[in-house]
Amino acid sequence: MRLYAVVAAGGFRRYATYRTATVAGVFTNTVFGFIVAYTYIALWDERPQLGGYDTSQALTYVWLGQALLAAGARMGGGFESELVERIRTGDIAVDLYRPADLQLWWMAADLGRATFHLLGRGVAPMILGALAFDLALPGSFWTWPAFLLSVFLGIVVSFAVRYLVAMSAFWLLDGAGAMRMAMLAGLFFSGMLLPLNLFPGLLGEVARALPWSSLLQVPADVFLGKHAGWGLVEAYAFQAGWAVVLLGAGRLLQTGATRRVVVQGG
Amino acid sequence: MADTVAVRTEEEGRGLEPAGFAFEDRLRPLEGLRAYGLIMAMWVRSTMAYRASFAMTLFGDLAVTAFDFIAILLMFSHVDALGGYSLPEIALLYGLSATAFGVCDLLLGSMDRVGGRIRDGTLDTLLVRPVPVLAQVAADRFALRRLGRITQGLVVIGYAVATLDIAWTPLKMLMLPMTVLSGAAIFGAVFIAGAAFQFVAQDASEVQNSFTYGGTTLLQYPPTVFAKDLVRGVTFVVPLAFASWLPALYVLGREYPVDLPQWVAFLPPLVAAGCCGLAGLAWRAGLRSYRSTGS
Amino acid sequence: MADDGFISLDGVEKVFEVRRRAGLLRRERHEVRAVDGISFRVARGEMVGYIGPNGAGKSTTIKMLTGILTPSGGRLRVAGIDPSRERTRLAHRIGVVFGQRTTLWWDLPLRDSYRLMHRMYRIPDRRYRENLDRCVELLDLGELLEVPVRQLSLGQRMRGDIAAALLHDPEVLYLDEPTIGLDVISKAKVRQFLKELNAERGTTVLLTTHDLTDIEQLCSRVMVIDHGRLMYDGSLAGLHEVGESERMLVVDLERELPPIVLQSADGGDQPALRAVKVEGPRQWLAFPAAASAAPLVARIAADYPLVDLSVREPDIEAVIARMYESAP
């Protein structure tokens, strides 16, 4: 357990050293926040209370989307390209002999990274957004820890998905295609382009049931106080359920992949 | 014995010169394009080494951009107009912006890797080649999958042209390819300037994204949606408005929120040329600073 | 201009400005003189080893010689060309191999990388074919041409990289650590090839290395650089003398014994041989590199219960380290 704490701290520190990249990222998140915020204002001007949000809730949703983007690694930028590269070059054989579990190792590193991204790239855009627009901030103090728990579960789901994607490189050799597909799904089905409660009919129901909704839609609704009491427990259960299922699937693939590496002799 | 060997190599060395340098000195831009073509072909062949992955990325790129427009369609499932613009009108703005950006992305898409190349030292391997570094960096990781965005952009333009209720004149028709090409050049200038900036700040590739990806997203919506200052900024500071808004609004017969004479709608080629010139200077300055500081 | 070497450096300097964090926001600027006034001449057809510790200024010099970096001061010419001003013109006349960074195309067969060189350097078809055939034969690349580079071993890749740098008939070849990480057989192949290249084609070769054997087998001349200055320029044998370097006799005795010391035969103050390390019955005995080992071995065999022994040659780092110790 201590080992993984050290790995996580390493993940945090590693990204903390890229100061310019962090500032550049905050700049980009803020620019996008502004662009999307104006389009949402136009949309909610036409249809107030769309999707059960008022305008300031919709704007809050926009800025939460930007603030959580890097932490959830929805545009890539997490561990997966590195892991895929190690699989491609065969360096992964070395990792498999390490006295640590491959999945837990990378999860610890990714949680460290996410923690830094949440602080380094999440806080500043949120503050800038709150200064420029009228946002719906939580009325109760307890909403904040509830929100953070939901964000944490979302990050675990995000990790589990990306781990599956990286494992596919054992069979495809080149992970670019699978990473691209995962990014695509992460963008659309997380609710980044448009809140999932604006998706009509069956598409909406499917989108809200897929794992990616854990990344933004669920935490944002917790932040906006849409889940309370049993609703909140259900939301957590939904996220945790996906996390368990996807981590388990990743483990299965890992076992198969390990066998492959051993057979090929690295 | 050693002497005769040396003489022979010297002659051979000279023998290479006419073919190699005189040509290059006079036709440097052409030499750059030629090198670009050679490297591009290598990347295309490399991609084909992993066909399954290529098919997935091609489909992925098409889908990414498609979802982008689907989000707009979903918005219009709730409203009839956005910022006073109908769906076909927004489709024209979207299509022009996406296609222009797509062309630029296809040709220069991996220029933001310059910072990474500086960090891992592989930029040096490009500097010992007898062809312009800009051409080598521009062709880096050339990816045919980026045709996806262009395809989608053209489809959306087609949809807009088919559904728009405008009196099409030859001039208005001509405005469309002119806008796409100038727009691609303007975005290209931003890519190159962004890459040049990485000589100064190697980790700052994301800043570039806010102007390129951010720019194309902005241009996909009508200018009436945005704050005046933002519109002025992308008109006069980073002249992205010339990449789609100004010529497109002329075609649509709409007012531009910033007071400008109508003929500015025909300026995109000039603005593009100016931007590319400035970006070229920035690139040269960046490369010069790298060669004097080594970082 | 006969005495003006093929490669000539006169007081070449390279100064970097480094910004260091000092406190939370303040940054201090200070100058780093990576190359601090280096002058030397290399004649056409020479094979020169350029050595020094990491960060000594070796690669900065190579980068200036290839036109990658612009010198901050001094005069530098390669084949009469100022590298920093006419980088692309020079590129046709030099070949560069970066030991740790392959320029081959990872996912493509080796041959494809060579085709790119063919067209990028505008090598005439006939000459390209001749050069490729020669490299393939001498570097033993025949069976590798159709193999994707990612499947090559490190040694095979290095041989492939060297061939890629030579297809356009460069007059100078710069090699940065060409044998690093290679197995013994690959090292031997690379060295043999370079020797032949130099002898047959008269190609000037400048190589940086950590492996003293590279220098011993290839270079008649060695330059040592440290802290941006040229510390030594001459033969390898001379370097051993300047560095007063020592060889090591490793002996295994029958049992543990106190450290061995042999007094000098002529009765001088310095011992002829002394133990620098003892590990059980094994002892490491240092003696001057110039001295012959045979009489020393004979004396030890006479006085001590010797089981086994071996002689170790000094490595470059050790030679250079000694050079400092002896410097005032």
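Me: In what order do the 5 strands of the open sheet in chain C stand?

Reply: Keep in mind that this is a predicted model. The order is 11-12-13-10-14, and the strands pair in the antiparallel sense.

Me: Which strands stand at the edges of that sheet, and why is one side of each left without a neighbour?

Reply: Look at the two ends of the order. Strand 11 (261-262) and strand 14 (306-312) of chain C have a single partner strand each, so one side of each has no neighbour in the sheet.

Me: Can we zoom in on one pair? Over how many bridges do strand 12 and strand 13 of chain C pair?

Reply: Strand 12, residues 273-279, and strand 13, residues 282-288, are joined over 5 bridges, again antiparallel. For a spot to find on screen, try C:R274, which has C:A286 of strand 13 opposite it.

Me: Now chain B. How many helices and strands are there?

Reply: Chain B has 13 helices and 0 strands. Its pattern along the sequence is therefore written with α alone: α-α-α-α-α-α-α-α-α-α-α-α-α. The C-alpha trace of chain B spans about 90 × 45 × 40 Å along its principal axes.

Me: How do I read empty space in a model?

Reply: The general idea is that rolling a probe the size of a water molecule over the atoms shows where empty space is left. In this structure, one case is the second largest pocket, with a volume of about 1200 Å³.

Me: Which residues lie nearest the centre of the second largest pocket?

Reply: Those are B:R28, B:P132, B:L134, B:W283 and B:R284, out of 35 lining residues. Several elements give two or more residues to this lining, among them helix 1 (2-26) and helix 9 (170-197) of chain B, and also helix 2 (87-91) of chain C. Helix 13 of chain B gives the largest share, 7 residues. Sorted by kind, the lining has 19 nonpolar, 6 polar and 10 charged residues.

Me: And how many cavities of 30 Å³ or more does a search of the whole structure find?

Reply: The search finds 6. Let's take the second largest cavity, whose volume is about 90 Å³. Its lining includes B:V128 and B:R129 as well as C:I94, C:Y121 and C:H168. In chain C, strand 5 (94-98) and helix 5 (154-166) each supply at least two of the lining residues. This lining divides into 7 nonpolar, 3 polar and 2 charged residues.

Me: What about charges? How many salt bridges does the count come to over all chains?

Reply: In general, side chains of opposite charge can pair when their charged atoms come close. Here the count is 40 over all chains, with 4 Å as the cut-off. One of these pairs is A:R162 with A:E80, where the closest N and O atoms are 3.1 Å apart. A:R162 sits in helix 7 (residues 143-167) and A:E80 in helix 4 (residues 80-89) of chain A, so this pair ties together parts 82 residues apart in sequence.

Me: Last one: which residues make the nonpolar surface patch of about 480 Å²?

Reply: Look for A:L119, A:V123, A:I127, A:L128 and A:L131. To get your bearings, find helix 6 (residues 102-132) of chain A, where A:L119 is located.

Methods: Residues numbered from 1 in each chain as written. Chains lettered and ligands numbered in written order. Predicted model: local features only at pLDDT ≥ 70, side-chain atom pairs only at ≥ 80, totals over all residues. Heavy atoms only, no water. 1 Å grid on protein atoms, 1.4 Å probe; cavity = no way out; pocket = protein on both sides within 12 Å on 5 of 7 lines; lining within 4 Å. Points joined across faces, edges and corners; volume = space filled by probe spheres on them. Helix = DSSP H or I, 4+ residues; strand = E, 2+ residues; numbered from the N terminus. Nonpolar A, V, L, I, M, F, W, Y, C, P; charged D, E, K, R; others polar. Pairing = 2+ DSSP bridges. Patch = residues over 30% accessible without salt bridge, like charges linked within 9 Å, V, L, I, M, F, W, Y side chains within 5 Å. Areas by Shrake-Rupley, 256 points an atom, 1.4 Å probe, with all protein chains shown as cover. Salt bridge = Lys/Arg side-chain N within 4 Å of Asp/Glu carboxyl O.
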